[in-house]
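Trainee: Please take a close look at a single part of this model for me. Start at one point, then work through the rest and connect it up as you go.

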Amino acid sequence: MALGLENAGFLAVGLVEIDRDACTTLRTNRPGWPVLECDIRQFDPSPYQGVDLFAGGVPCPPFSVAGSQLGAADDRDLFPSALDMIEQIRPKSIFLENVPGFASSRFRSYRRNLATRLNSLGYWVDWRVLNASDYGVPQLRPRFILVALQERLDRFFAWPIQTPAEQTVGECLVDLMSQGGWPGARAWARRANGIAPTLVGGSKKHGGADLGPTRARAAWSKLGVNGLSLLDEPPGPDFPVTTAPRLTVRMTARIQGFPDSWQLAGKKTSSYRQIGNALPPPVAEAVGLSLASALMERVPERRAGQQLTLRA
């Protein structure tokens with residue numbers, strides 16, 4: 001999210017992250033970013049009053065279909081903490097993301113309460129489920145995206161125009177799959193001629209680095225990918241041309257929309273968890289550009305005369 005927002009023109013004034021390896025990754029790639037390694041529930045937001053944007057990826061396990069979907073009853077639900085910080089900071093705009101399960105009827109009352117709280121603070125609110133594949137990423141990855149703006153700015157906001165992925169998984173990864181000298185790389189790339197299913201990073205309770213549960217692995221298998229685990233290196237010259245290869249962490253990073261220059265701290269499982277749990281940077285950039293345009297009070301031509309309504 002931070003990388004995508006940087007690409008959209010935002011300057012980070014505070015990045016709060018509890019995971020040590022993730023903090024090291026942020027500091028390594030952007031030494032100038034003010035990374036604050038702490039629990040968000042112990043974070044003091046008072047120095048950041050009036051910032052242009054408050055953005056965050058609220059932990060998804062309370063709302064994920066892969067979990068128990070306990071919502072507010074889950075102690076990992078940090079929406080209340082986010083709302084408390086928003087009330088204190090009063091940013092001009094808000095950008096929150098979560099799993100698509102949060103858009104289900106099961107959490108309708110939760111979303112309504114969330115919107116009501118933001119309305120009471122003077123914000124216009126809207127949300128959508130956006131697919132990463134509609135914003136240049138060769139991966140489906142639907143995400144619940146909530147945006148909010150101070151009410152005087154709401155008429156300047158329009159959701160970003162879709163720009164579908166131009167590459168298939170094979171086209172995206174063929175050069176990386178070829179790096180080890182595997183003679184089957186190009187034939188594999190022709191078979192992997194679709195969009196990837198959603199990468200599953202998992203939590204610290206999750207085992208090692210793999211591409212997800214049975215259904216996800218089956219989807220990867222159709223693209224000619226073995227999803228049981230990740231490899232440290234791409235397949236070599238002796239790897240059978242008829243065998244489905246496994247991905248490396250670098251390959252998953254590219255599928256997620258990260259530049260190849262992005263360095264990852266920690267061992268393989270930790271590195272992959274950071275990738276699998278990230279919001280693809282191109283999606284964050286697209287939403288960030290729409291918010292930046294609204295903050296600069298530019299009226300989108302495609303929304304002239306159109307009113308957006310709150311969808312709880």
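Mentor: Start at Ala187, which lies in helix H6, residues 185-191. Helices here are DSSP runs of H or I with at least four residues, strands are E runs of at least two, and both are numbered from the N terminus. Ala187 counts as partly exposed because its relative accessibility is 40%. The scale is simple: buried is under 20% relative accessible area, exposed is over 50%, and partly exposed falls in between, with a 1.4 Å probe and protein chains only. Ala187 also has a partner far along the chain. Thr242 is 55 residues away in sequence, yet the C-alpha to C-alpha distance is 9.2 Å.

Two ground rules before going on. This is a predicted model, in which local features need pLDDT of at least 70 and side-chain atom pairs count only at pLDDT 80 or more, while totals for chains, interfaces and linings use all residues. Residues are numbered from 1 along each chain as its sequence is written, and side-chain values use heavy atoms, with hydrogens and water left out.

Now the part that deserves the close look: strand S6. It spans residues 142-150. Eight of its nine residues are buried, so S6 is largely enclosed by the rest of the structure. Strand S4, residues 93-98, runs antiparallel to S6, and six bridges join the two. Strand S5, residues 123-131, is also antiparallel to S6, over nine bridges. Strands count as paired when DSSP finds at least two bridges between them. Follow Leu146 in S6. Leu96 stands opposite Leu146. Trp127 stands opposite Leu146 too. In a regular strand the side chains alternate between the two faces of the sheet.

Step back to the residue that leads into S6. Arg141 lies in the loop between S5 and S6. Its phi is near 40°, a positive value in a residue other than glycine. Most residues other than glycine have a negative phi. Arg141 counts as buried because its relative accessible area is 2%. Glu297 also has a positive phi, about 60°, and is not a glycine either. Glu297 sits in the segment after helix H10, residues 281-295. With a relative accessible area of 40%, Glu297 is partly exposed.

Back to S6 for its rings. The structure holds twelve aromatic pairs. Rings of Phe, Tyr and Trp (its six-membered ring) pair if their centres lie within 6.5 Å; planes under 30 degrees apart are stacked, over 60 edge-to-face, and the rest tilted. Phe102 and Phe144 make one edge-to-face pair, 4.7 Å centre to centre with 85° between the planes. That pair links distant parts of the chain: Phe144 is in strand S6, and Phe102, 42 residues apart from it, is in the loop between S4 and helix H4 (108-120). Both Phe102 and Phe144 are buried. The pairing extends further, since ring pairs link Phe79, Phe102, Phe107, Tyr110, Trp127 and Phe144 into a cluster. Trp127 is the residue opposite Leu146 that you have already met.

Helix H3, residues 79-89, holds Ala82. Ala82 is buried, with a relative accessible area of 7%. Gly56 lies 26 residues from Ala82 in sequence, but 8.2 Å away, C-alpha to C-alpha.

Thr248 belongs to the loop between helix H7 (214-222) and helix H8 (249-255). Its relative accessibility is 6%, so Thr248 counts as buried. Leaving out residues up to four places away in sequence, Thr248 touches Leu231, Asp232, Glu233 and Pro234. A contact means heavy atoms within 4.5 Å.

Set all this in the whole chain. The protein has ten helices and six strands. Of its 312 residues, 50% count as buried. Among contacts with a separation of 6 or more, 70% are between residues 24 or more positions apart.

Last, confidence. Mean pLDDT, the predictor's confidence in each residue from 0 to 100, is 89 for the protein, and 89% of residues reach 70 or more. Over residues 65-74 the pLDDT is below 50, and this stretch has 16 contacts in the model beyond near neighbours in sequence. Residues 303-312 also stay under 50, with 20 contacts beyond four places in sequence.
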